[in-house]
Amino acid sequence: MSIGIGLESLVDQTISVITNDGRNIVGVLKGFDQATNIILDESHERVYSTKEGVQQLVLGLYIIRGDNISVVGELDEELDAHLDLSSLRAHPLKPVIH
């Protein structure tokens, strides 16, 4: 199965992307290309901290280069809506080492 077939089923759905530098970006997948560059709409970055709740930085329409993507996953919107991100504490992700 190629990466394109997997991403095709996620178009117009909310996804979570973990980048090589440890960022977590959530948004609606609008498109992608053969290099796995992706376009997200209504996106935001979730910034994790051990001292305070998760900050959500609004990004809007956002492009992520394919060579900077580590993980792409479908987000369960119903479950996500029930999370209290303001009380969630976590260590920020470390960069991915290839």
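Strands here are DSSP runs of E, at least two residues long, numbered from the N terminus. With that settled, on to the structure. This is a predicted model.

Start with the overall layout. The chain has two helices and five strands. Read from the N terminus, the order is α-β-β-β-β-β-α. The radius of gyration is 14 Å, and the globule rule gives 13 Å for 98 residues, so the chain is as compact as a globular protein of that length. The C-alpha trace spans about 40 × 30 × 25 Å along its principal axes.

Now some totals. Of the 98 residues in the chain, 34% are buried. The accessible surface comes to about 6300 Å². Carbon and sulfur atoms hold 55% of that surface. Then contacts. Take those with a separation of 6 or more: 51% of them join residues 24 or more positions apart.

Next, the inside. In soluble globular proteins, nonpolar side chains tend to be buried together. Which residues make up the largest nonpolar core here? There are 10 residues in all: Leu 7, Leu 10, Ile 15, Val 17, Ile 25, Leu 29, Ile 38, Leu 40, Ile 64 and Ile 69. Three elements give two or more residues to this core: E1, E2 and E3.

Let me pick two members of that core. Leu 7 goes up first. Leu 7 sits in helix H1. Its relative accessibility is 4%, so Leu 7 counts as buried; the cut-off is under 20%. What does Leu 7 touch, beyond residues up to four places away in sequence? The partners are Leu 29, Phe 32, Thr 36, Ile 38 and Val 72. Leu 29 and Ile 38 are core members as well. There is also a long-range pairing in space to point out. Leu 7 and Glu 74 are 67 residues apart in sequence, yet their C-alpha atoms are 9.7 Å apart.

The other pick is Ile 25. Set aside its neighbours within four places in sequence. Ile 25 is then in contact with Ile 15, Ser 16, Val 17, Thr 19, Leu 40, Ser 43, His 44, Glu 45, Leu 59, Tyr 62 and Ile 64. Ile 15, Val 17, Leu 40 and Ile 64 from that list belong to the core. Keep Glu 45 in mind; that residue returns shortly.

Thr 36 deserves a stop, as one of the contacts of Leu 7. Thr 36 is in the loop between E2 and E3. It has a positive phi of about 65°, although it is not a glycine. Is Thr 36 buried or exposed? Its relative accessible area is 16%, so Thr 36 is buried.

Asp 12 also has a positive phi, about 70°, and is not a glycine either. Asp 12 lies in the loop between H1 and E1. That residue leads into the charged pairs.

Side chains of opposite charge can pair when their charged atoms come close. How many salt bridges does the structure hold? It holds four. I will go through some of them.

Asp 12 forms a salt bridge with Lys 30, with the closest N and O atoms 3.0 Å apart. This pair links distant parts of the chain, 18 residues apart: Asp 12 in its loop, Lys 30 in strand E2, residues 24-32. Lys 30 has 43% relative accessibility, so it counts as partly exposed.

Then Arg 23 and Glu 45. Their side chains meet in a salt bridge, 3.0 Å from N to O. Again the pair links distant parts of the chain, 22 residues apart: Arg 23 in the loop between E1 and E2, Glu 45 in strand E3. At 23% relative accessibility, Arg 23 is partly exposed. Glu 45 is at 12%, so it counts as buried. And Glu 45 is also the contact of Ile 25 I flagged.

One more. Asp 67 and Arg 65 meet in a salt bridge, 2.8 Å from N to O. Both of these residues are exposed.

Last topic: the surface. Ile 39, Leu 61 and Ile 63 form a nonpolar patch there. Together they have about 310 Å² of accessible area. Where does Ile 39 sit? In strand E3, residues 38-47. Its relative accessible area is 35%, so Ile 39 is partly exposed. Its sequence neighbours Ile 38 and Leu 40 are in the core.

That is the tour.

Conventions:
Residues are numbered from 1 along each chain as its sequence is written. This is a predicted model: local features need pLDDT of at least 70, side-chain atom pairs count only at pLDDT 80 or more; totals for chains, interfaces and linings use all residues. Side-chain values use heavy atoms; hydrogens and water are left out. Patches are made of residues with over 30% relative accessible area and no salt bridge: like charges are joined within 9 Å, nonpolar side chains (Val, Leu, Ile, Met, Phe, Trp, Tyr) within 5 Å. Accessible areas come from the Shrake-Rupley method with a 1.4 Å probe; for residues, only the protein chains shown count as cover. Helices (H or I, at least four residues) and strands (E, at least two) are DSSP runs, numbered from the N terminus. Buried means under 20% relative accessible area, exposed over 50%, partly exposed in between (1.4 Å probe, protein chains only). The radius of gyration is taken over C-alpha atoms; the globule rule is 2.2 Å times the number of residues to the power 0.38. Contact means heavy atoms within 4.5 Å. A nonpolar core is a set of buried Ala, Val, Leu, Ile, Met, Phe, Trp, Tyr and Cys residues joined through side-chain atoms within 4.5 Å.
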